[in-house]
Amino acid sequence: SIKMWAALPVWKKPIMSAALRELLVSEDATGLQVVLGMMKASLLHCNAGKIDVWSRLLLRVRVPSSSGELASGTDAERSQENIVENGVDVDDAGPALSLARQRLWEMAFAFADDWKEKAFSTVFMEPTKMYYIACGEEELAENVEVHGSSVYLAILLSTLAIWCPRLPFLLDSPIAAISFLDALDDSQLQALWREENLGKSYASVPECREPRAQRSIGNHWSNFLFNGRQPWQVANNAVDPCGPPDRREKLKPYIEQFAWYFSVEVIVPRLSQHLLSRDEGCAALQVVFDSLRADGAVAMDEEQTEDVRHWLWDLEAFPARLHLDRATLLLQRSGVLRCGTA
């Protein structure tokens with residue numbers, strides 16, 4: 001661990017020290033063995049590999065929850081600022097409603113991080129591995145997680161301003177990142193990108209277990225649409241208005257596929273079910289629903305329903321059907337979905 005710490009950039013060292021202090025408290029014996037194993041293995045990797053391990057250590061740190069009481073000081077102010085930005089005025093809410101919204105924000109934040117990681121893996125990581133496996137380039141396939149990921153993460157940051165849980169190493173060598181849409185079998189890619197396969201390894205999707213590439217991409221060591229010796233240069237070139245418009249047009253389907261997983265029809269049912277499946281989330285949604293009824297925001301013919309679960313779901317249909325418009329309204333009122341999203 002000391003050797004890995006010494007190899008990190010100066011600004012990352014205190015962050016790693018703080019993360020290890022938290023992990024010593026939160027992890028059990030098995031978890032600590034995993035952490036130590038990751039750090040030991042990092043010594044066999046390049047700088048990008050060490051940064052990747054550093055990022056994964058941060059992901060294991062558990063953020064303290066304020067479910068039992070309202071957060072105080074800066075954390076509470078930041079949470080309220082986020083809710084106000086999403087169109088909910090915290091000043092108009094009572095203590096119970098404020099606490100419910102804060103708890104839902106925390107749960108939705110954790111859900112969003114996991115969702116972003118799954119979408120990133122499905123849209124970029126797995127198809128890239130499929131291409132290299134189809135071309136017999138096992139060594140490049142092994143480099144996708146460490147090196148290729150930094151290119152794709154930097155692209156998402158520059159184009160959509162999205163921070164994923166894992167952080168890009170912007171000074172890395174941009175290898176193992178390619179424009180796989182130019183080569184992969186389209187039917188296999190569409191199968192991988194189906195909603196039910198989100199977050200799955202390509203090997204676990206029956207149609208994708210034997211990847212097929214229709215053609216080979218020139219310079220497929222590093223060839224993802226835009227030039228650059230490091231990921232930050234590739235990312236900047238992706239949003240350069242003076243750059244080749246045809247390359248930005250070819251980038252469009254990658255970005256649109258990633259963004260599709262965050263559309264209302266995809267994410268609202270998943271997020272609603274995630275919150276309802278946990279007792280504290282269900283209780284918090286009930287408080288928000290009660291406030292909607294009290295404010296007259298619920299239609300007259302729906303006011304007789306007092307349970308938020310029965311209001312959200314049409315139990316007479318088979319299988320039960322989620323009322324998407326109601327779920328959207330409830331999440332907007334909770335402050336976890338922007339008003340105007342439809």
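**Loop geometry, helix packing and internal cavities**

In this predicted model, Ala176 is placed in the loop between H7 and strand S1 (177-178). The backbone of Ala176 has a phi near 60°, a positive value in a residue other than glycine. A further backbone feature is the cis peptide bond that joins Phe318 and Pro319, for which omega is about -5°. Pro319 belongs to the loop between strand S3 (313-314) and strand S4 (321-322).

Helix H7, which precedes the loop that holds Ala176, also packs against helix H10 (residues 245-260), at an angle of about 85° and with the two axes 12 Å apart. Because angles of 65 to 115 degrees count as roughly perpendicular, H7 is described as roughly perpendicular to H10. On the H7 side the contact is made by Ile155, Leu156, Thr159 and Leu160, which meet Leu251, Ile255 and Phe258 of H10. Sorted by class, the residues in this contact of H7 with H10 comprise six that are nonpolar and one that is polar, with no charged residues.

Phe258, one of the H10 residues that meet H7, also takes part in an aromatic pair. The count of aromatic pairs in the model comes to 12; among them, Phe124 and Phe258 form a pair that is tilted, with 6.5 Å from centre to centre and 45° between the planes. This pair links distant parts of the chain, since Phe124 lies in helix H6 (residues 95-134) and Phe258 in helix H10, 134 residues apart.

With respect to internal space, the count comes to two cavities of 30 Å³ or more, and the largest cavity has a volume of about 60 Å³. The lining of the largest cavity is formed by Ala48, Ile51 and Asp52, by Val146, Ser149 and Ser150, and by Arg166, Leu167, Pro168 and Phe169. Two or more residues of this lining come from each of two elements, helix H4 (47-60) and helix H7 (138-160). By class, the lining residues of the largest cavity divide into six nonpolar, two polar and two charged. Helix H7 thus appears both in the lining of the largest cavity and in the packing against H10.

How values were computed. Residues are numbered from 1 along each chain as its sequence is written. This is a predicted model: local features need pLDDT of at least 70, side-chain atom pairs count only at pLDDT 80 or more; totals for chains, interfaces and linings use all residues. Side-chain values use heavy atoms; hydrogens and water are left out. On a 1 Å grid over the protein atoms alone, a cavity is a set of points where a 1.4 Å probe fits but cannot get out, and a pocket is an open set with protein on both sides within 12 Å along at least five of seven lines; lining residues have an atom within 4 Å of a point. Grid points are joined across faces, edges and corners, and a volume is the space filled by probe spheres set on the points. Helices (H or I, at least four residues) and strands (E, at least two) are DSSP runs, numbered from the N terminus. Ala, Val, Leu, Ile, Met, Phe, Trp, Tyr, Cys and Pro count as nonpolar, Asp, Glu, Lys and Arg as charged, and the others, Gly among them, as polar. Axes are lines fitted to C-alpha atoms, for helices over the stretch in contact, and angles run from 0 to 180 degrees between N-to-C directions. Angles under 35 degrees count as roughly parallel, over 145 as roughly antiparallel, 65 to 115 as roughly perpendicular and the rest as oblique. Contact means heavy atoms within 4.5 Å. Rings of Phe, Tyr and Trp (its six-membered ring) pair if their centres lie within 6.5 Å; planes under 30 degrees apart count as stacked, over 60 as edge-to-face and the rest as tilted.
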